[in-house]
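Q: I would like a close look at one part of this model, namely a helix-helix contact and the empty space around it. Please treat the matter as one connected account.

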Amino acid sequence: MADPPGEGAPAVNAPLIETARLRKSFGRLAAVDGVSLGLTKGTLTAIIGPNGAGKTTFINLLTGMFPPDDGTIRFKGEDITRLPSHERVRRGLTRSFQIMNIFPTLTVRQNLLLPVLSRRGRTHRAMTRVEGEMEAIQEAEEVLREIGLWEQRDARASALSHGDQRLLEMGIAVGAQPQLCFLDEPCAGMNPVERQGILEFLRRLSGHGGTTFVIVEHDMDVVFALAQRIIVMNQGQILADGGPAEIRENREVREVYLGSEA
């Protein structure tokens, strides 16, 4: 008979990350109002809802940008409710932002080296000569090929198109080899060609199984094209939670948010 798991070890089928009665208010506004939720490894999940529904605040709580007023957050069975964001990154939880979050004066390759060197505890080498960091360089170059920016590897990040800058930002997020990655409006401001590139990128990475993605997105074409699970928030609470077909047919969701877009 196998030995039982140690005390505090997560169950085999436990959620990758879960919240219990999570709350965050700004003045009298309850941005996140008692959310209890689990996100499963390997399931590409979308969080949607009208403006002000609490989506970004919820992600900010999970990633350590805001402290919660109440409730708990557990990642891989560990209570991370009060951990700072950089400690969550070290444990395998990363994110991208609505506002572009790249280093515009660095080259594309240097941008990708930063998360790789950081994960290896070698961040101080990022702005100096890194020829001795061959494994890190090879890893960063693999990510460059994966996101389709190999040809632009020596260009300054500021010279990339908006869509390619978004791809670079996602490359930075996954360069840390996270187990869970939140993407906040990854297709914002993109034209149809750029958006298709992002969709293909996310499908490829999700198919590899190493990183679980959760996207916050207003574009319903993107949501229904990608997501295996859709969580709908409204007024800081969970309105609906299910597969794409179930969410399409949910009358409350249609009335509150989707309307004719469904």
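Which residues in helix 5 meet which residues in helix 6?

A: In this predicted model, the contact draws on six named positions of one helix and a matching list from the other, as follows. From helix 5 come H162, G163, R166, L167, M170 and V174; from helix 6 come E194, G197, I198, F201, L202 and L205. By class, seven of the residues in this contact are nonpolar, three are polar and two are charged.

The geometry of the pair may be set beside that list. The axes of helix 5 and helix 6 lie 9 Å apart, and the packing angle is about 20°. Because angles under 35 degrees count as roughly parallel, helix 5 and helix 6 are roughly parallel to each other. Their crossing is right-handed.

Two residues of this contact, V174 of helix 5 and L205 of helix 6, also belong to the lining of the second largest pocket. That pocket has a volume of about 300 Å³. Its lining consists of E139, E142, V143, E146, V174, G175, Q177, P178, L205, H208, G210 and T211. Helix 4 (134-147), helix 5 (162-175) and helix 6 (192-208) each give two or more residues to this lining, and helix 4 gives the most, with four residues. Sorted by class, the lining comprises four nonpolar, five polar and three charged residues.

Helix 4 in turn leads to a further contact. The axes of helix 3 (residues 108-119) and helix 4 come within 9 Å and cross at roughly 125°, which makes helix 3 oblique to helix 4. This crossing, too, is right-handed. On the side of helix 3, the residues involved are V108, R109, L112, L113, V116, L117 and R119; on the side of helix 4, they are A136, I137, E139, A140, E141, V143, L144 and I147. The contact of helix 3 with helix 4 divides into 11 nonpolar, no polar and four charged residues. E139 and V143 of helix 4 occur in this contact and also in the lining of the second largest pocket.

Enclosed space remains to be described. A search of the whole structure finds one cavity of 30 Å³ or more, and the largest cavity holds about 40 Å³ of space. The residues that line the largest cavity are I17, E18, T19, L37, G38, L39, F58 and L62. Strand 1 (17-26), strand 2 (29-39) and helix 1 (55-62) each supply at least two residues of that lining. By class, the lining of the largest cavity has five nonpolar, two polar and one charged residues.

Definitions and conventions:
Residues are numbered from 1 along each chain as its sequence is written. This is a predicted model: local features need pLDDT of at least 70, side-chain atom pairs count only at pLDDT 80 or more; totals for chains, interfaces and linings use all residues. Side-chain values use heavy atoms; hydrogens and water are left out. On a 1 Å grid over the protein atoms alone, a cavity is a set of points where a 1.4 Å probe fits but cannot get out, and a pocket is an open set with protein on both sides within 12 Å along at least five of seven lines; lining residues have an atom within 4 Å of a point. Grid points are joined across faces, edges and corners, and a volume is the space filled by probe spheres set on the points. Ala, Val, Leu, Ile, Met, Phe, Trp, Tyr, Cys and Pro count as nonpolar, Asp, Glu, Lys and Arg as charged, and the others, Gly among them, as polar. Axes are lines fitted to C-alpha atoms, for helices over the stretch in contact, and angles run from 0 to 180 degrees between N-to-C directions. Angles under 35 degrees count as roughly parallel, over 145 as roughly antiparallel, 65 to 115 as roughly perpendicular and the rest as oblique. A crossing is left-handed if the near helix is turned anticlockwise from the far one by less than a right angle, and right-handed if clockwise. Contact means heavy atoms within 4.5 Å.
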